[in-house]
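Here's a quick tour of one model, starting with its rings and then moving on to a helix. Have a look at the structure first.

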Amino acid sequence: VSKYPAVERDFSFVLPEGVEFESIRGKLAALRIAELTAILPAETFRGGSLAAGTFSFLLRVRFQSAERTLRDDEVAAWSQQIVKSVESLGGALRQ
């Protein structure tokens, strides 16, 4: 157990049907961010104002270091990498 605090971030994406969580997890694992300690599916939604053939997906990630407190700029850079990785699967960050 780390004595340094964890940082959680939520990302809401619109994804094409057929994209599975394991694909997302694989893309994020390939980033090899040592401080990325958890990748969790938080919520899935279909229908409403979403376009046919798409769904909304809430992704929760946790960053933590066993050696130090993380800086905001580091978390922001890793967050951008996560968004780009999910976009490569056809996803778009919800505004």
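This is a predicted model, and three aromatic pairs turn up in it. Take Phe-21 and Phe-57: their ring centres sit 6.1 Å apart with the planes at 45°, so this pair counts as tilted. Phe-21 belongs to helix α1 and Phe-57 to strand β3, so the pair ties together parts that are 36 residues apart in sequence.

How buried are these two rings? With the cut-off for buried at under 20% relative accessible area, here's how they come out:

| Residue | Relative accessible area | Class |
|---|---|---|
| Phe-21 | 16% | buried |
| Phe-57 | 5% | buried |

Now for the helix that carries Phe-21. Helix α1 covers residues 21–30, and Phe-21 is buried there along with Ile-24 and Leu-28. These three take up an arc of only 60° around the axis, which means they're on the same side of α1. Flip to the other side of α1 and you'll find Glu-22 and Ala-30 exposed.

So what covers the buried residues of α1? The cover includes three strands, β1 (7–16), β2 (36–45) and β3 (54–63), plus helix α2 (72–87). Strand β3 is also where Phe-57, the ring partner of Phe-21, lies.

Two more spots to click on. Just after α1, Arg-32 has a positive phi of about 55°. Then there's Arg-46, which lies over the face of Phe-55, 4.6 Å from the ring centre.

Methods
Residues numbered from 1 in each chain as written. Predicted model: local features only at pLDDT ≥ 70, side-chain atom pairs only at ≥ 80, totals over all residues. Heavy atoms only, no water. Buried < 20%, exposed > 50% of the residue type's maximum accessible area, 1.4 Å probe, protein only. Helix = DSSP H or I, 4+ residues; strand = E, 2+ residues; numbered from the N terminus. Arc of directions from axis to C-beta. Contact = heavy atoms within 4.5 Å. Phe/Tyr/Trp six-rings, centres within 6.5 Å; stacked < 30°, edge-to-face > 60°. Lys NZ or Arg CZ within 6 Å of the ring centre and 35° of its normal.
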